[in-house]
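Got the viewer open and a selection tool handy? Let's take a short walk through the structure, one stop at a time.

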Amino acid sequence: MNFLKRAWLSLTAKKGRSVLLILVTSAIMLFVLAGMLIHSAADTATTNAKKSVGATLTLSANRETAFKKMKKSSSSKPKLTTTPIKLSDAKKIASLKNVASYNVTATTSVNAKSFDAISTSTGSAGPGGQSSSSGDIAVTGVTNTSQVSSFEDETNKITKGRGLTSADKNTNNTVIESELAKQDNISVGDTIKVKSTSGSKTYSLKVVGIYKTSSSSTIQQGPGATDPANTIYTSYTFANTVKGSKYANTADSVTFNVSAPSKVSSVKKAGNQVINNSKYTLATNDSSYQTVKSAMNNVKSFADKIVWLVAIAGTIILALIVILMIRERRHEIGVLLSLGESRWKIIGQFFAEMVIVLIVAIGIAGIGGKSVGDRLGDQLVSQQSASSAATISAPGDKSVQMSGKPGGPSGSGSAVQGGGGPSSAGTSGASSQQTDLNVNVSVLNMVELGGFGLAIMFLSTMIASGGILRLQPKKVLID
Amino acid sequence: MLKTKDLSYWYDQKKNSLFENVNLEFEAGQSYAIVGQSGSGKTTFLSLIAGLDKPKAGSIELDGKDINKIGLTNYRKKDVSIVFQSYNLFTYMSPLNNLLTAMSVTESRHAGDKEYAQQMLAKLGLTDSQMKTNVQQLSGGQQQRVAIARTMVCDANLVVADEPTGNLDEDNTTEVIDLFQQIAHEQGKCVIIVTHESAVAQACDNAYRLEKHEFSAV
Ligand SMILES: Nc1ncnc2c1ncn2[C@@H]1O[C@H](COP(=O)(O)OP(=O)(O)OP(=O)(O)O)[C@@H](O)[C@H]1O
Ligand SMILES: [Mg+2]
């Protein structure tokens, strides 16, 4: 215990040196902690992303086989034809264990009749003129609006009236966007009229709810692009009615909610056994999770590099400081040796001094670590979002272009893949999660930091202690 | 109590030995002065006795036991106490903490006894406030008295000193000589002092001269 008291006396007597040591150590600890905080924040962001998107499966037409068929066809004008999903097939999956609920999505488009669609300057009436087969109103037919990903992630919010539920099946109830409602002076309870894109039929829809979308991006791109406010939600049965009688009891996609994220893969396996795999694909709906995950993995690997670089540099710096300190204190070491103190206890005293410095430094780092971590994390994430947005947009566009539907009023509405496919909704969800990198100092972080600091101090003291082990007291004391 | 047996030492080559086959005996309760010309090897001899270096040939025995067998670290801790010309105190401590540290490092039977340390410092003329200020604020004579007090509070029965009065004026020198005599006669320890001052040599009970590689009684 004696060497501990000496350590304390030495630190308190040489205040300038102690303050300097504390400053250097604090700086090192601050960066190590910031790196660790960013790492764990990235972990949390990944886990949250997994939680929020991990528990769904989407059943859709198998485009790959449809694509092959199209290539084989000898027709002069090959057409991509995918079979719509038969609801009876979807129900087979719905009845599997651990499937909590499911949401049917059927999309189409119509033209506004009793009101005007919102036209944006970059909007629908492009230079090529509007294709006759696409309407200005996108119809997203669903079972339940609350289970649509854009409502789940709160891109869309019901502001008046109510959303659609399974009770709205076989009704002409609809939920429209607030901008559209405002422009055309439509309120809940009103009836609006739309006509089919071929112009032959008129439908009356009863507005039961109004939602507000925060999606600024035009959901659909390419020809027939229309303002997001022109999307109306109806029951899937209505969408099927518009599409034509042969679409009764079908869907463009069906999203299954699995009771727990951990059950998703087993449900997927079981589901694939009850459906025809050449017609359908059953996919986990984790594109936004994958986006977050890869972005966060980059953030994490950078954070780890910070931790290791600072740790290595810190060990070298501290070792040099301790080496200099030991040179400066040769005399004191000599006196201790002449009194018969063991060399290891002298090294122990130096180590103890460094540990005391470390404790103070960790306290300082703990106070400052959050703000440094916040700043550094924001910097990293903004770089990450920029690069991941670029990589994500490419496959996103492709999926939009490929989502043509057989005949009928396809083109425009198709991209609104109710269940939240890898569309822009997924991307925006992912990037909002990225900016929310939540840097927090936990007890575990501090314990980890302490362990790291101890290792750094131990290594640097050991590197420097060679000088103590070689020191000849005679040379130091008698001159 | 301390015996050198055919003790020899050289730095580079054997033919340049500082001293050869030295056989001396030092008794407890006696003080010894070692004199000789500058460069004759007095300090070197003392460092061997103090366990700070190892002989090139021969051995040193404490109460019949080779100090190499005791282990030099252990020997320095338990058996020998050193006073240097340049005091060699812990510069970041007060006189009191210097004593307490030495007592606990050497595991003295008075270890931890603050009052005993204070009494000793008071006996050597330090005031209460001087005991508690940093040692570097004391005069050379006061610092050397702290160094001597350090040997007095430790249990080691052998006290060696290299030019302990080298930095002191006449008055302080006389006081320091008195203190060493007290250590020998009142504490019953064996005191060996290297000095070039004849006053110091004369005050000691015995004196040896190191000349032409040999020790001779004066
Ligand atoms: N570490 C060393 N390496 C080589 N030679 C040394 C070393 N230390 C001392 N010497 C030489 O050994 C000789 C004896 O030195 P020492 O210090 O023992 O003399 P001394 O009798 O104490 O002299 P002084 O009265 O000046 O203190 C000197 O010639 C000195 O140059
Ligand atoms: Mg000398």
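Start by colouring by chain and looking for charge pairing: between chain A and chain B there is one salt bridge. Bear in mind that you are looking at a predicted model.

To find that bridge, select Lys474(A) and Asp53(B): their closest N and O atoms are 3.0 Å apart. If you turn on polar contacts as well, seven residue pairs come up across the interface of chain A and chain B, counting pairs with both residues at pLDDT 80 or more.

Now see which parts of chain A do the touching. Select helix H1 (2–13), helix H10 (330–338) and helix H14 (473–477) of chain A, each of which supplies at least two residues of the side that touches chain B. By class, that side of chain A has nine nonpolar, six polar and seven charged residues.

Next, show the whole interface. On chain A, 22 residues are in contact with 27 residues of chain B. The two chains bury about 2100 Å² between them, with 62% of it on carbon and sulfur atoms. Put Leu339(A), Lys474(A) and Ile478(A) in sticks: they supply 30% of the area that chain A buries against chain B, more than any other three residues. You have met Lys474(A) already, as the salt-bridge partner of Asp53(B).

Zoom out for salt bridges everywhere, and the count over all chains is 14. One to pick is Arg17(A) with Glu353(A), whose closest N and O atoms are 4.0 Å apart. Arg17(A) sits in helix H2 (residues 15–53) of chain A and Glu353(A) in helix H11 (residues 343–402) of chain A, so this pair ties together parts 336 residues apart in sequence.

Last stop: chain B. Select helix H7 (residues 140–153) and helix H8 (residues 170–185) of chain B; their axes come within 11 Å and cross at roughly 5°. H7(B) and H8(B) are therefore roughly parallel to each other. Where they meet, show side chains including Ile148(B) and Met152(B) from H7(B), and Leu179(B) and Phe180(B) from H8(B). That contact has six nonpolar, five polar and two charged residues.

Technical notes. Residues are numbered from 1 along each chain as its sequence is written. Chains are lettered from A and ligands numbered from 1 in the order in which they are written. This is a predicted model: local features need pLDDT of at least 70, side-chain atom pairs count only at pLDDT 80 or more; totals for chains, interfaces and linings use all residues. Side-chain values use heavy atoms; hydrogens and water are left out. Axes are lines fitted to C-alpha atoms, for helices over the stretch in contact, and angles run from 0 to 180 degrees between N-to-C directions. Helices (H or I, at least four residues) and strands (E, at least two) are DSSP runs, numbered from the N terminus. Angles under 35 degrees count as roughly parallel, over 145 as roughly antiparallel, 65 to 115 as roughly perpendicular and the rest as oblique. Contact means heavy atoms within 4.5 Å. Ala, Val, Leu, Ile, Met, Phe, Trp, Tyr, Cys and Pro count as nonpolar, Asp, Glu, Lys and Arg as charged, and the others, Gly among them, as polar. Buried area is the accessible area (1.4 Å probe) that two parts lose on being put together, summed over both. A salt bridge is a side-chain nitrogen of Lys or Arg within 4 Å of a carboxyl oxygen of Asp or Glu. A polar contact is a pair of N or O atoms within 3.5 Å; within protein, one must be able to donate a hydrogen and the other to accept it, and residues adjacent in sequence count only if both atoms are side-chain atoms.
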